[in-house]
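Me: I have a new structure open and want to learn how its labels are earned. Can we go through them one at a time?

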Amino acid sequence: MKYDYLIVGAGLFGSVFAYEANKRGKYCLVIDKRSHIGGNIYCESVDGINVHKYGAHIFHTSNKAVWQYINQFAEFNNYINSPVAIYKDELYNLPFNMNTFIKMWGIKTPAQAKAKIKEQIRELNIVEPSNLEEQALSLVGRDVYEKLVKGYTEKQWGRSCTKLPSFIIKRLPLRFTYDNNYFNDRYQGIPMGGYTPIIEKMLSGIEVRLNTDYFDYIKSEKDCAKKTVFTGMIDAFFGYNLGYLEYRSLRFEHERLDCDNYQGNAVVNYTEREVPYTRIIEHKHFEFGKQPSTVISKEYPSEWKPGDEPYYPVNDEKNNGLYDRYAKLAESQSDVIFGGRLGSYRYYDMDKVIDAALKAVALEFGN
Ligand code: FAD
């Protein structure tokens, strides 16, 4: 056999595994069906602006070991994610905090904000929420729900909040301080130069073949490696023979504009139902760019059908049950390691993917 490992997917999981295996003297081939490395964290430079082609990616973690690990491949800047929301002609800070409440109700103190929310929740008198709308209302009250949650969530899921199950929203964090930092994590930032150079460093010295689909490749190269690391869709690996796992998809409209500052912030959410996109990303602000032009991306959620780009797994009871059955099948494949967001059918932030890949490495190599 030519290779020790055939690694399917040049995303973060596949690249961390390849880097670690290569470091241990293993001979790897990385293939990806896309025309570029990086998977969903791929960035493309336009006028010197690193465009996050598959949606805004902000690195945040409380895992010190993962933070130290990723810092060997890049220097991170001090970007703090502080999105704003536009509802009709009103603009609010996110996440829901004192800046949001002062704008919404003109109140000044945390006690006043708490009392307002409590009063709205009490008036609704929802004992046991039977759908997502009731769940959200019983967590944040009518005003925050109507202006900042309802339309956005309905666009994300493509259906009315009254038709969505309550478990989708377990909690809606309310912060009674003037703090617009979206994340609570200890470490946060954007790699200076974007994410692609991180993957380039990880894959340096390793054979990579792009535009190569695993299912075509193995037709002639079935026995090319002792083991396979598979980060594509687990149901596809098994020929969908138990059925299709479902996803929500996204469509991005990227636009280069001849102005230096379109919206003054990297992330602006559009929370009313009537605006068809959920958010506009202005990429230069991730790296405090001073270029004379700018690039924006509008993000449109969409239904997923087989063949579309899968973005968010729909982790409801039906799909989780189906995934468990595929995971059982996977256990019988002793020469295949399944990993990453598609191989594990779960939403993973980047830090969790790195952690999972390093755990797979430890299991495989014992160190
Ligand atoms: P991927 O990046 O999807 O890599 C898998 C690769 O496998 C792909 O390149 C694919 O082309 C390839 N592949 C699949 N099937 C085959 C096949 N049959 N043959 C060959 N190649 C194949 N995380 C954060 O921490 N912060 C964020 O702000 C954040 N924002 C996000 C925004 C969006 C819109 C989305 C969808 C995700 C976001 N994430 C974020 C999560 C982040 O994208 C993932 O954690 C990470 O990209 C997962 O890496 P992966 O290697 O598992 O998967």
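What follows is a set of short questions and replies on this predicted model.

Me: What makes the protein as compact as a globular protein of its length?
Reply: Compare two values. The radius of gyration is 22 Å. The globule rule gives 21 Å for 367 residues. The two are close, so the protein counts as being as compact as a globular protein of that length. Its C-alpha trace spans about 70 × 50 × 35 Å along the principal axes.

Me: What is the protein built from, in helices and strands?
Reply: There are 12 helices and 16 strands. Buried residues make up 38% of the 367 residues. Take the contacts between residues at least 6 apart in sequence: 73% of them join residues at least 24 apart.

Me: Which strands form the open sheet, and in what order?
Reply: Seven strands form it, in the order 7-6-12-13-14-11-15. The pairing is mixed.

Me: Why do strand 7 and strand 15 count as edges?
Reply: Count partners. Strand 7 (90–93) and strand 15 (312–313) each have a single partner strand, so one side of each is left without a neighbour in the sheet.

Me: How do you know that strand 6 and strand 7 are paired?
Reply: Pairing needs at least two bridges. Strand 6 (residues 84–87) and strand 7 share four bridges, so they qualify as a pair. The sense is antiparallel. Within this pair, Ala 85 stands opposite Tyr 92 of strand 7.

Me: What is the form of the peptide bond from Leu 94 to Pro 95, cis or trans?
Reply: It is cis, with omega near -15°. Pro 95 sits in the loop between strand 7 and helix 3 (98–105).

Me: Why is Asn 211 called exposed?
Reply: The cut-off for exposed is 12 or fewer other C-beta atoms within 10 Å. Asn 211 has 11, so Asn 211 is exposed. This residue lies in the loop between strand 9 (207–209) and helix 8 (214–221). Its phi is near 50°, a positive value in a residue other than glycine.

Me: Why is Tyr 240 called partly exposed?
Reply: Partly exposed lies between the exposed limit of 12 and the buried limit of 20. Tyr 240 has 13 other C-beta atoms within 10 Å, so it is partly exposed. Its loop runs between helix 9 (234–237) and strand 11 (247–257). Tyr 240 also has a positive phi, about 55°, although it is not a glycine.

Me: How do you know whether Glu 128 is buried or exposed?
Reply: Use the count again. Glu 128 has 8 other C-beta atoms within 10 Å, and 12 or fewer means exposed, so Glu 128 is exposed. Glu 128 is in the loop between helix 4 (110–124) and helix 5 (132–140). Its C-alpha atom is 9.9 Å from that of Ser 166, which is 38 residues apart along the chain.

Me: Which residues come nearest to the ligand?
Reply: Of the 34 residues around the ligand, they are Gly 9, Gly 11, Gly 39, Gly 232 and Gly 340. The shell divides into 17 nonpolar, 10 polar and seven charged residues. Helix 1 (12–23), helix 8, helix 11 (340–343) and helix 12 (350–365) each supply at least two residues of the shell.

Me: What does UniProt list for residues 147–347?
Reply: An unreviewed UniProt entry lists them as "domain: UDP-galactopyranose mutase C-terminal". In the model, the end C-alpha atoms of this span lie 26 Å apart. The span is 24% helix and 23% strand.

Note on methods. Residues numbered from 1 in each chain as written. Predicted model: local features only at pLDDT ≥ 70, side-chain atom pairs only at ≥ 80, totals over all residues. Rg over C-alpha atoms; globule rule 2.2 N^0.38 Å. Contact = placed C-beta atoms within 7 Å. Near = placed C-beta within 6 Å. Nonpolar A, V, L, I, M, F, W, Y, C, P; charged D, E, K, R; others polar. UniProt positions renumbered as here; feature names shortened; annotations may be inferred.
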